[in-house]
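Biologist: I'm new to this structure, so could we walk through it together? Please show me the model to begin.

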Amino acid sequence: MSRPVRIALIPGDGVGGEVMAEAVPCLDWAVARGRCLEAVPLPYGAEHYLATGETLPEHAFTTLRDGCDAVLFGAVGDPRIPDGRHAEQILLRLRRELELAVNFRPCRPLAPGFDPAINLEIYRENTEGPYCLQGTTEPGRAVDYAIHTEPAVHRLLACAFQRAAVLGRPLLLAHKANVLKHGHGLWLRVYADLKAQFPTVDARTMHADALLCALVQDPKAFGIIAADNYLGDLISDLTAAYVGGMGMAPSLSWAPHRPFRCAALAEPVHGSAPDIAGQGLANPVGMFLSLALLFRHLGWEPEATALEAAVGEALHAGFRTRDLGGTHGTSEMGKAVRSQLPT
Ligand code: ATP
């Protein structure tokens with residue numbers, strides 16, 4: 001028998017734990033359907049940090065990197081830790097040190113009332129850019145560095161080009177090379193090399209500010225959008241509005257060159273949402289759909305499709321959390337989705 005796929009579960013902070021609790025039973029469902037997996041629950045997050053002083057200890061990082069195949073992540077961020085140090089040492093460290101350079105954020109409306117003809121896929125570089133957390137603060141002067149390296153940019157853009165080629169969909173690179181001449185200049189050079197290697201892909205570039213305006217005016221005109229860490233973050237929060245908001249949007253990050261055993265991390269696009277945490281109001285759909293992306297990444301296409309369909313059916317049956325204008329709580333919504341899963 002093949003060894004089980006080991007999935008680390010890190011609920012993290014705020015609504016992270018609430019939405020994770022709804023998705024975890026889907027792992028048992030996958031097992032009942034014959035998938036061989038083992039869940040590895042890990043406690044890291046604000047509560048653990050405040051109680052122990054530990055963010056992500058070395059032994060846990062090593063277990064994750066060498067002893068797990070993937071991570072299902074909730075969210076990190078807690079008002080009691082305003083500098084976000086634990087978030088930096090948990091989530092940003094995992095993204096960076098597991099080299100999860102590709103962050104995939106699809107935008108496909110499933111809820112009634114949202115245009116199902118919109119079909120966007122954001123490919124966001126996940127480890128560099130201005131989120132490299134390097135800089136200085138001096139009296140009257142603050143500097144944040146943005147680091148862009150050719151291997152990471154190439155990994156991200158190559159994935160986006162491959163996807164565009166397979167789907168026959170247009171590819172757009174969002175950038176600001178007119179002002180960010182060095183970093184985004186590198187992006188344009190890597191893009192030009194890849195465009196020559198993918199002559200069938202309808203690829204173009206666009207200044208990110210103009211793109212945001214065009215995305216609001218005509219989202220159906222776009223297919224695959226590639227961007228650096230910062231711009232990809234902004235663009236994908238904007239496109240989350242097309243699926244119903246932050247609670248609805250999924251993401252999957254992976255290391256295309258797979259240097260480690262653990263080479264994928266699924267997490268909803270939203271953060272820990274302290275304003276609604278602990279009240280049973282969080283929408284678990286983004287988490288369910290992130291797990292579906294992870295199932296697909298593991299090659300479990302029937303489970304991925306069934307979970308996405310279950311979300312669509314629950315929404316069409318009228319289940320909606322407050323962010324979607326409904327009255328159902330997190331657990332009612334979760335139950336409604338799981339009740340639609342085939343046995
Ligand atoms: P981060 O920077 O970590 O992504 P953020 O500052 O962008 O976090 P979020 O925590 O994502 O902020 O919250 C943004 C808004 O979206 C808040 O009003 C929050 O209540 C709402 N929100 C986030 N997640 C959900 C959810 N699962 N269900 C309903 N509303 C949510």
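Biologist: Is the crossing of H10 and H11 left-handed or right-handed?

Modeller: Keep in mind that this is a predicted model. H10 and helix H11 (residues 301–316) pack with their axes 7 Å apart. Their crossing is left-handed.

Biologist: Thanks! How are H10 and H11 oriented to each other?

Modeller: The two helices pack at an angle of about 160°. Angles over 145 degrees count as roughly antiparallel. H10 and H11 are therefore roughly antiparallel.

Biologist: And which word describes how H1 and H10 lie to each other?

Modeller: Helix H1 (residues 15–23) and helix H10 (residues 285–297) have axes that come within 8 Å. These axes cross at roughly 55°, and the crossing is right-handed. That angle is neither under 35 degrees nor in the range from 65 to 115 nor over 145, so the pair is oblique.

Biologist: Let's turn to the ligand. Which residue has a side-chain N or O atom 2.9 Å from an oxygen atom of the ligand?

Modeller: Two backbone contacts help set the scene: a backbone N or O atom of Ser-272 lies 3.4 Å from a ligand oxygen, and a polar backbone atom of Ala-273 is 2.8 Å from a ligand oxygen. The side-chain atom you ask about belongs to Asp-275.

Biologist: How much of the ligand's exposed area does the protein bury?

Modeller: Start with the ligand taken alone, which exposes 610 Å². Of that area, the protein buries 60%.

Biologist: Lastly, how many residues of the shell around the ligand are charged?

Modeller: The residues around the ligand include Met-246, His-270, Asp-275 and Asp-323. The shell divides into four nonpolar and five polar residues, and the charged ones number two.

Conventions: Residues numbered from 1 in each chain as written. Predicted model: local features only at pLDDT ≥ 70, side-chain atom pairs only at ≥ 80, totals over all residues. Heavy atoms only, no water. Near = heavy atom within 4 Å. Polar contact = N/O pair within 3.5 Å; in protein donor to acceptor, adjacent residues only side chain to side chain. Areas by Shrake-Rupley, 256 points an atom, 1.4 Å probe, with all protein chains shown as cover. Nonpolar A, V, L, I, M, F, W, Y, C, P; charged D, E, K, R; others polar. Axes fitted to C-alpha atoms, helices over the stretch in contact; angles between N-to-C directions. Helix = DSSP H or I, 4+ residues; strand = E, 2+ residues; numbered from the N terminus. Left-handed = near helix turned anticlockwise from the far one by under 90°.
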